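User: I'd like to learn how to read a chain interface and a buried helix. Could you walk me through an example?

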Amino acid sequence: MKTLVIAEHDNASLKAATLNAVAAAGELGGDVDILVAGAGCGAAADAAAQVPGVAKVICADNAAYEHQLAENVSLLAAELGADYDNLLAPSTANGKNIMPRVAALLDVGQISDILSVESADTFTRPIYAGNVIATVQSADPKKVITVRTTAFDAVPAEGGSATVEACSAAHDAGVSQFIREEVAVSDRPELTSASVVISGGRGMQNGDNFSLLEGIADKLNAAIGASRAAVDAGFVPNDYQVGQTGKIVAPDLYIAVGISGAIQHLAGMKDSKVIVAINKDEDAPIFQVADYGLVADLFEALPELEAAI
Amino acid sequence: MKALVAVKRVVDYNVKVRAKADGTDVDLNNVKMAINPFCEIAVEEAVRLKEAGTVTEIVAVSVGESSCQEQIRTALALGADRGVHVEVEGRPEPLAIAKLLKGVVDQESPDLVIMGKQSIDGDNNQTGQMLGALTGMGQGTFASEVKIGEGTVEVVREVDGGLQTVSLTLPAIITTDLRLNEPRYASLPNIMKAKKKPLETLTPEQLSVAVQSHVTQVGVAPPPERAAGIKVEDVSQLVDKLKNEAKVI
């Protein structure tokens, strides 16, 4: 059994989501290799070689892969896939973008967002916004899988010593071009890997009021998230969205502020260890999943909370 | 310029779907069905491009049982010009749907294919990308802005860190994210008019596609239940619980 994990990286460093995908790969058994496809991505490949349990890192360093455009990377992954039984990637925006293309090139189905590995061909995954967990069995000789990162504990980032092998295959489909990226720069932890997340919803009333969450986030070293309603209303950018079709988080502590708790939002956070809800509507559905519910006006509760921690 | 819009019939987004007690499948008896919300956004985008004079014809396609003609009619009421229904029994998987859509693409030669990024039943998020691989087209997935240029389309994509803009050679595939637009409601006159718009039915055989299953659902189960929580009186009690009971701060 051989598994290839497509790394999540930014050329300079390996992203934590890769470590969750490697953990899932480890459960499949056999050799685990990592593909780092990028441009000037030697540092990310070196970091991948440090991951324990990894046999080999394939470093495909080519201008065509610089921004990991799905059209190009999928051709590379499908070609390399000939030698593997499984191809895995974390369910990040990149993984979701690239992997179905790889599966179609290989003429196999994809199993999205696995929560567990039951056996070499059987997995569980959420459907209907996580209201149902399906057990699915793949009949394909090769499995293409994306991994829900919150469902697998990350392997350590260091301690291994895999070989790094350069791959010169250059695939440029020539149909897509990177133009630009607007990436929010923040000192806070990443939303999907933070141990504490504090999210605001429509109840925050406007974007400026999110500053009420910042002071608390600073004290708890928390990431800040939001419900779809808050993103749609323009309070905060899209990368804040937690939910079925946004980011999936499972921190030790999730604080939902002014969020009513639509099923689509719950799908993104209900696996958090401890959930706190602050909402002035005592019938809000968020209280049904909260360990600690506080029925209060958030504009009074938040300053008090910031002072008390 | 011709736009092909794919729509899917799914359980209405307000329905909380449950697993059947025997664990064989989800319980979809008597639940309200609707057009997948992301597909609705796809239709709206095509209609806006037509209103702007960029798109001249909108073809709405759906793959599924005969009941999905309802969702094609919804797309026609929202402004699509004609419908194509690819009749398939049961629940075809994303790869099979992508292959059938490729058959329709070969027949229709659209300049633009617009579809939802995922359907809210299977939550797979695969079909658009698979269609991209099968047709060799570029893909602008998770789109929040679409600008048509000369032989190209610029797509702003919602990615984990923020927004990424790519330029794709036409024909290209766009999969919609939530912020692309706010779909309109179909007016009563348009719903009436939609009933008279042409709707063609095709079979997989006519598209030379063998519908195969790659992944079988072995069973379903409800997700782990969260134990009931408590309501705290005030902020100080909350902080006390978090520190001393949950020990998370």
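Analyst: Happily! In this predicted model, 70 residues of chain A are in contact with 65 residues of chain B, contact meaning that C-beta atoms placed from the backbone lie within 7 Å. By class, chain A's side of that interface has 37 nonpolar residues (Ala, Val, Leu, Ile, Met, Phe, Trp, Tyr, Cys and Pro), 18 polar (the others, Gly among them) and 15 charged (Asp, Glu, Lys and Arg). The model is predicted, so local features need pLDDT of at least 70 and side-chain atom pairs 80 or more, while totals for chains, interfaces and linings use all residues. Residues are numbered from 1 along each chain as its sequence is written, with chains lettered from A and ligands numbered from 1 in written order.

User: Which strands of the two chains are joined by bridges, and how do they run?

Analyst: Strands pair if DSSP finds at least two bridges between them. Here three bridges join S16 (residues 292–295) of chain A to S13 (residues 230–232) of chain B, running parallel. A:Leu294 stands opposite B:Val232.

User: How many residues of helix H4 of chain B are buried?

Analyst: A residue is buried if 20 or more other C-beta atoms, placed from the backbone, lie within 10 Å of its own. Helices are DSSP runs of H or I with at least four residues, strands E runs of at least two, numbered from the N terminus. In H4(B), residues 127–135, nine of the nine are buried, so the helix is largely enclosed by the rest of the structure.

User: What do those buried residues pack against?

Analyst: Their partners include helices H3 (70–80) and H4 (93–106) of chain A, and helix H3 (94–108) of chain B. After H4(B) comes B:Gly136, with a positive phi near 75°.

Methods: Buried ≥ 20, exposed ≤ 12 C-beta atoms within 10 Å, placed from the backbone. Contact = placed C-beta atoms within 7 Å.
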